[in-house]
Amino acid sequence: MNWIKLKNTCLSLLICLEVIIIFSGNVLEPGSSRGVLLSSLIGAALIAPIMINLVFKKAEVLAINSAFIVAFLILMEGLFFLNIIEHPAIKTWQIESKNIESLEFLEKSPYIKFRPNVTVTSMGSRGDDFTYEWFTDELGFKNNAFNDIFKTHFDFIALGDSFTEGMGVEITDTWTSKVGQKSDMAIYNAGVQGYSASQMRSTYESLLSKINHDGIIIGALPISFKREETFTNAARARNGTGGIKSIATKRYEQSFLTSTLRAVKLALSVKDVDLLADQTHLGRYINEIEQVITRENLRQNQNWKSYIGNLTAIAKLALQNKKRVILIQYPLRHEIYFNNSQLGIKNISEVNYYVELDLIRDALPQNVEIIDMFGYIKRSWDKSGDRMYFLKDGHMNERGQELIADFLIQVLK
């Protein structure tokens, strides 16, 4: 094969690969978002001179330069796809979950759960300090092996999402396990990653008569009320939300170029914050700082109303059965790591944690014990500076789990 034929073959291959990438991006996001549209236009502009050169034998220099750029973009697609190169702000398309057999799909809420006695593997790249695999108990939850779950007396059943489950740590390092290790209390962990309040409600309804317990601990999380929208439609509800959804479905991310454009836009749109963030190596988390939701807006939000309704139903069901009801709320990473000035607030009561907790306190029955652990965790961070969240993933690490356990032991006793 002579040089001209080899060149034309390579150029044709580059065009085909770039067209596939452009087509795939538009298929994943029908209607074309701005990011997809811009990356598609850039891709089309890059392959245009190559096509002109192949068809009309013109603009050879421009075609060769464009070919090098296209080749670079395709190379980056492959490196990110294979996780050879990673960046938390650039999320490119991933392969389908190979762990879907660990899930059980139901016709009614909670719609999706982990099967009993299976290995669960978290999807995505969450950092080297994150524990990806754990083994479910005989009911499909994240607990140490008990002699017999159905004959064990538990002080509490813990309900919640990934923060209750202890996503990213070993079973022995979850706060529910730590409480048992450091005290004479036994807590059954019924938290499931990605769960909404409606799923927590149906989970408790199924466990109420199965597990011998004196009370429940409801684990709330700021912003998680938005998940309720998914469960207004049975078809959408089937795959769940959050971590469990990433196991149940393909990761519908975008091309390297689209993801990079979005990361650049996000970086440029971030409000200016104190340089202390970068000096303490926390600059990577600045993008997590979000606009604070007002109490007035929340009260009018339909998802919030559904969220509160389900939390109230859980509490009333437990109280009717003479169970102690406790609610805790987990602070988000940026709420702990950044100060008021960096968060863009005048008083800590303005963060989503307290905005939501105040409304929860007003809505739930008076017999529910609302426990505020924000100050305890914030003071620990301010005093020691020891990380309590994973370096990359936003969940609480082993240190964070231990802080929750220590605080609850003090309060519950």
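In this predicted model, helix α6 is mostly covered. Of its 11 residues, 8 are buried. These are Ala-197, Ser-198, Gln-199, Met-200, Ser-202, Thr-203, Tyr-204 and Leu-207. Several elements take part in covering the buried residues of α6. Among them are the strands β2, β5, β6 (187-189) and β7. Helix α12 also belongs to this cover.

The relation holds in the other direction too: α6 (197-207) is part of what covers the buried residues of α12. Helix α12 runs from residue 302 to residue 320 and has 19 residues. From first C-alpha to last, α12 reaches 27 Å. That is close to the 27 Å expected at 1.5 Å a residue. The buried residues of α12 are Asn-303, Trp-304, Tyr-307, Ile-308, Asn-310, Leu-311, Thr-312, Ile-314, Ala-315 and Ala-318. Their cover includes the strands β5 (153-159), β7 (212-220) and β8 (324-329). It also includes the helices α11 (295-300) and α15 (352-363). Strands β5 and β7 thus appear in the cover of α12 and in that of α6.

Both ends of α12 can be described further. At the N-terminal end, Asn-301 acts as a cap. A side-chain oxygen of Asn-301 lies 2.8 Å from the backbone nitrogen of Asn-303, and Asn-303 is one of the buried residues of the helix. Just after α12, Lys-322 takes a positive phi of about 60 degrees.

Strand β2, part of the cover of α6, spans residues 112-114 and contains Lys-113. Lys-113 counts as buried because its relative accessibility is 15%, and the cut-off for buried is under 20%. Leaving aside residues up to four places away in sequence, Lys-113 touches Ser-102, Leu-103, Glu-104, Leu-106, Leu-139, Gly-140, Tyr-195 and Ile-244. With Leu-139 there is a polar link: the side chain of Lys-113 reaches the backbone oxygen of Leu-139 at 3.1 Å. Gly-140 is 27 residues from Lys-113 along the chain. The C-alpha atoms of Lys-113 and Gly-140 are separated by 7.3 Å.

The surface offers another view. Phe-81, Leu-82, Ile-84 and Ile-85 form a nonpolar patch there. Together they have about 370 Å² of accessible area. Phe-81 is found in helix α3, which covers residues 60-81. Is Phe-81 buried, partly exposed or exposed? Its relative accessible area is 34%, so Phe-81 is partly exposed. This value falls between the 20% limit for buried and the 50% limit for exposed.

Conventions: Residues numbered from 1 in each chain as written. Predicted model: local features only at pLDDT ≥ 70, side-chain atom pairs only at ≥ 80, totals over all residues. Heavy atoms only, no water. Helix = DSSP H or I, 4+ residues; strand = E, 2+ residues; numbered from the N terminus. Buried < 20%, exposed > 50% of the residue type's maximum accessible area, 1.4 Å probe, protein only. Contact = heavy atoms within 4.5 Å. Polar contact = N/O pair within 3.5 Å; in protein donor to acceptor, adjacent residues only side chain to side chain. Patch = residues over 30% accessible without salt bridge, like charges linked within 9 Å, V, L, I, M, F, W, Y side chains within 5 Å. Areas by Shrake-Rupley, 256 points an atom, 1.4 Å probe, with all protein chains shown as cover. Salt bridge = Lys/Arg side-chain N within 4 Å of Asp/Glu carboxyl O. Expected span 1.5 Å × (residues − 1).
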